Amino acid sequence: MTTKNILLRLDPDLAERLQTVASVEGRSVSDVAREAIAALVDQRRRDDRFSQLLEENLARHEESLRRLRGDD
């Protein structure tokens, strides 16, 4: 599996709580963070409001692209 490195800046208190969760569960901070991010992304995929926002953003970007190309 290929991975991508990212930099994640956390409030010190949140970072400490994340480290505590990882330590108690005997896991790495990266593993706990990946699990949380995956859960958030999955939750958003099933969220109707998020889907609507995504559609609105796509439409807005498509319009911007047409204007940049001079398709108007």
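Leaving aside its neighbours within four places in sequence, with which residues is L18 in contact? The points below take up this question and then the rest of the predicted model.

1. Once the neighbours within four places in sequence are set aside, L18 touches L10, V29, V32 and A33. L18 itself sits in helix α1, and it counts as buried because its relative accessible area is 17%, where the cut-off for that class is under 20%. Along the chain L18 and S30 are 12 residues apart, and their C-alpha atoms are separated by 9.6 Å.

2. Helix α1 covers residues 12–25, and the length of this helix can be checked: with 1.5 Å a residue, its 14 residues should span 20 Å, and the C-alpha atoms at its ends are indeed 20 Å apart, so the two values agree.

3. At the start of α1, the residue to look at is D11, which belongs to the segment before the helix. A side-chain oxygen of D11 comes to within 2.8 Å of the backbone nitrogen of D13. With a relative accessibility of 46%, D11 is classed as partly exposed, because this value falls between the 20% and 50% limits. D11 and A22 are separated by 11 residues in sequence, and their C-alpha atoms lie 16 Å apart in space.

4. Just after α1 comes G26, which adopts a positive phi of about 65°.

5. Two packed helices are described by the angle between their axes and the distance between the axes. For α1 and helix α2, which spans residues 29–45, the axes come within 8 Å and cross at roughly 105°. This angle makes α1 roughly perpendicular to α2, because values from 65 to 115 degrees fall in that class.

6. The residues that meet where these two helices touch are L18, Q19, V21, A22 and E25 on the α1 side, and V29, V32 and A33 on the α2 side. Sorted by class, this contact of α1 with α2 comprises six nonpolar residues, one polar and one charged. Of the residues listed for L18 in the first point, V29, V32 and A33 appear here again as members of α2.

7. Helix α3 runs over residues 48–69 and can be checked in the manner used for α1: at 1.5 Å a residue its 22 residues should span 32 Å, and its end C-alpha atoms are 32 Å apart, so expectation and model agree. The N-terminal end of α3 is capped by D47, one of whose side-chain oxygens lies 2.7 Å from the backbone nitrogen of R49. After α3 comes G70, with a positive phi near 80°.

8. Is I6 buried or exposed? I6 lies in the segment before α1, and it counts as exposed because its relative accessibility is 62%, where that class begins over 50%. I6 and R34 are 28 residues apart along the chain, while the separation of their C-alpha atoms is 11 Å.

Key. Residues are numbered from 1 along each chain as its sequence is written. This is a predicted model: local features need pLDDT of at least 70, side-chain atom pairs count only at pLDDT 80 or more; totals for chains, interfaces and linings use all residues. Side-chain values use heavy atoms; hydrogens and water are left out. Helices (H or I, at least four residues) and strands (E, at least two) are DSSP runs, numbered from the N terminus. The expected span of a helix is 1.5 Å times one less than its number of residues. A polar contact is a pair of N or O atoms within 3.5 Å; within protein, one must be able to donate a hydrogen and the other to accept it, and residues adjacent in sequence count only if both atoms are side-chain atoms. Axes are lines fitted to C-alpha atoms, for helices over the stretch in contact, and angles run from 0 to 180 degrees between N-to-C directions. Angles under 35 degrees count as roughly parallel, over 145 as roughly antiparallel, 65 to 115 as roughly perpendicular and the rest as oblique. Contact means heavy atoms within 4.5 Å. Ala, Val, Leu, Ile, Met, Phe, Trp, Tyr, Cys and Pro count as nonpolar, Asp, Glu, Lys and Arg as charged, and the others, Gly among them, as polar. Buried means under 20% relative accessible area, exposed over 50%, partly exposed in between (1.4 Å probe, protein chains only).
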